[in-house]
Amino acid sequence: MIQAAYIHIPFCNELCYYCDFHKVYIARQPVDTYIEMLDLEIQAVLQNSRPKMNTVYIGGGTPTALSIKQMNRLLQILHRHMEITSDTEFTIEGNPNDITETLTRIFTDYGVNRISLGAQTFESSHLVQMNRTHTPEQIEKAVLCLIKNGLENINLDFIYGYPNHQMSQWRKTLKKAVHLPISHISAYSLIVEPKTQFYFMEEKGQLHLPDEDIVADMYETAMDFLPAQGFRRYELSNYAKKGYESQHNLIYWDNNFYYGFGAGAHSYTDFTRIQNIVPVMHYIKALQSHSRPILYESRCTQKEQMEEEMFLGLRKATGVSKEKFFHKFGVKMQDVFLKSIEDGKNKGLIEETATHIFLTRKGCLLGNEVFATFLLE
């Protein structure tokens with residue numbers, strides 16, 4: 001039984017210059033209709049089975065860009081189609097400047113118990129440079145508002161290696177973050193994605209990014225500093241206090257099944273990868289015409305499943321379990337990937353124990369290079 005669901009809310013009040021997720025300006029968008037189409041899609045997929053969910057994750061876009069009425073409606077729909085209990089990890093993404101007393105009370109009323117805020121940096125000028133809508137002061141204000149209303153499982157997202165970013169500023173951001181009453185930190189290196197504003201600026205020679213060695217130093221700075229402050233690194237870019245690891249994201253890294261609902265959302269069910277159609281109006285029209293809003297679906301071969309098991313699992317600090325691999329596929333990991341494992345060990349990128357293989361510190365810095373070696377011919 002699948003017990004994890006992702007719900008995509010593609011609406012934003014502003015479009016950040018680095019973001020390549022499917023999103024649109026919320027102004028003049030058919031938000032109410034979109035939410036009703038989510039209702040139809042979830043009903044069509046779940047067929048009134050109302051499964052008990054271990055994790056539910058509402059992402060975007062910016063879910064907190066919804067009005068209070070729209071947020072109420074969305075959460076009502078989810079509760080009607082899914083059994084969401086106090087044991088469910090129920091996450092909503094949001095912007096710090098959207099967090100209010102009223103909104104946090106709605107969250108707690110509907111069982112939301114984990115909030116992920118897009119903080120990005122504590123440097124005011126750099127927030128403006130990214131086209132973020134909040135200030136550093138609003139990050140702290142949002143966290144304290146959530147804590148006051150009983151929402152103690154809080155993640156802050158940060159970006160490093162963005163234009164004009166300096167090491168001293170990164171250290172300052174990390175120090176400020178750990179002094180807030182939060183339980184989780186995600187720290188991502190900027191990737192200039194096609195069709196983003198930063199991409200167009202780079203094409204014109206207007207984007208001044210830090211040197212790659214500096215960015216690598218920033219990664220290692222987080223690797224050393226955050227665990228010393230009680231935030232254990234459990235995935236390449238994610239750090240948590242004990243017991244606060246993101247259970248939903250672990251579904252992805254463990255290569256387990258999950259539902260994805262909404263425009264552009266991805267699902268993995270019955271060894272089949274599915275992506276929903278975009279843009280928003282195409283998604284809406286498909287459901288209004290009583291069609292599944294699917295852009296493509298592809299059943300994974302066992303070869304593909306094994307590849308994904310390796311390069312997703314190696315993202316975790318604990319790595320990939322040999323026993324779990326054998327249980328899933330009926331073959332030993334070493335019989336399939338011996339050359340990749342031995343080459344990685346010889347280069348100091350992979351470490352092997354009797355039960356697991358995992359990335360070394362050097363391997364973490366060269367993760368994509370390592371992952372590519374686990375693509376079978």
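How many disulfides does the count come to?

**Exercise 1. Count the disulfides, then place two cysteines.**

Solution. This is a predicted model. Start with the rule: a disulfide needs a pair of cysteine sulfur atoms within 2.5 Å. By this rule the count comes to zero. Now turn to C300 and C364. The cut-off for buried is under 20% relative accessible area. C300 has 8% relative accessibility, so C300 counts as buried. C364 has 9%, so C364 is buried too.

**Exercise 2. Trace the sheet from edge to edge.**

Solution. Begin with the strand order. Nine strands form an open sheet, in the order β9-β10-β8-β7-β6-β5-β4-β1-β11. The pairing is mixed. Next, find the edges. They are β9 (232-235) and β11 (259-261), and each of these pairs on one side only. Then take the twist. From one strand to the next, it averages 20°.

Now look at one pair inside the sheet. Strands β4 (residues 55-60) and β5 (residues 89-94) run parallel and are joined by four bridges. Within this pair, Y57 stands opposite T91 in β5.

Last, add a helix. Helix α8 (residues 212-228) lies across β7 (153-160), β8 (184-189), β9 and β10 (238-240). Its direction is at about 15° to β10.

**Exercise 3. Describe the surroundings of H248 and S246.**

Solution. Take S246 before H248. S246 sits in the loop between β10 and α9. Its relative accessible area is 0%, so S246 is buried. Leaving out residues up to four places away in sequence, S246 touches E89, R114, H184 and Y234. A polar atom of the S246 side chain also lies 3.1 Å from the backbone nitrogen of N249.

Move on to H248, which belongs to helix α9 (residues 247-253). H248 is buried because its relative accessible area is 0%. Again leaving out residues up to four places away, H248 touches A4, A5, Y6, T55, Y57 and E89. With T55 there is a polar contact of 2.9 Å between side chains. Finally, check a distance. H248 and E93 are 155 residues apart along the chain, and their C-alpha atoms are separated by 13 Å.

**Exercise 4. Which residues have the most contacts inside the largest nonpolar core?**

Solution. They are I7, L78, M82 and L156, in a core of 92 residues. Helix α1 (residues 31-46) gives the most to this core, with seven residues. Another core lies apart from it, with nine residues, including Y18, C19, M130 and I159.

Zoom in on L156. Not counting residues up to four places away in sequence, L156 touches L117, A119, I139, V143, L180, I182, H184, I185 and S186. There is a general background to such cores. In soluble globular proteins, nonpolar side chains tend to be buried together.

**Exercise 5. Is G313 buried or exposed?**

Solution. First, locate the residue. G313 is in helix α11 (residues 302-313). Second, apply the cut-off. At 3% relative accessibility, G313 is under 20%, so G313 counts as buried. Third, list the contacts. Neighbours within four places in sequence aside, G313 is in contact with W253, E308, G319 and V320. Fourth, compare chain separation with spatial separation. G313 and N255 are 58 residues apart along the chain, while 7.3 Å separates their C-alpha atoms.

How values were computed: Residues are numbered from 1 along each chain as its sequence is written. This is a predicted model: local features need pLDDT of at least 70, side-chain atom pairs count only at pLDDT 80 or more; totals for chains, interfaces and linings use all residues. Side-chain values use heavy atoms; hydrogens and water are left out. Two strands pair if DSSP finds at least two bridges between them. Helices (H or I, at least four residues) and strands (E, at least two) are DSSP runs, numbered from the N terminus. Axes are lines fitted to C-alpha atoms, for helices over the stretch in contact, and angles run from 0 to 180 degrees between N-to-C directions. Contact means heavy atoms within 4.5 Å. Buried means under 20% relative accessible area, exposed over 50%, partly exposed in between (1.4 Å probe, protein chains only). A nonpolar core is a set of buried Ala, Val, Leu, Ile, Met, Phe, Trp, Tyr and Cys residues joined through side-chain atoms within 4.5 Å. A polar contact is a pair of N or O atoms within 3.5 Å; within protein, one must be able to donate a hydrogen and the other to accept it, and residues adjacent in sequence count only if both atoms are side-chain atoms.
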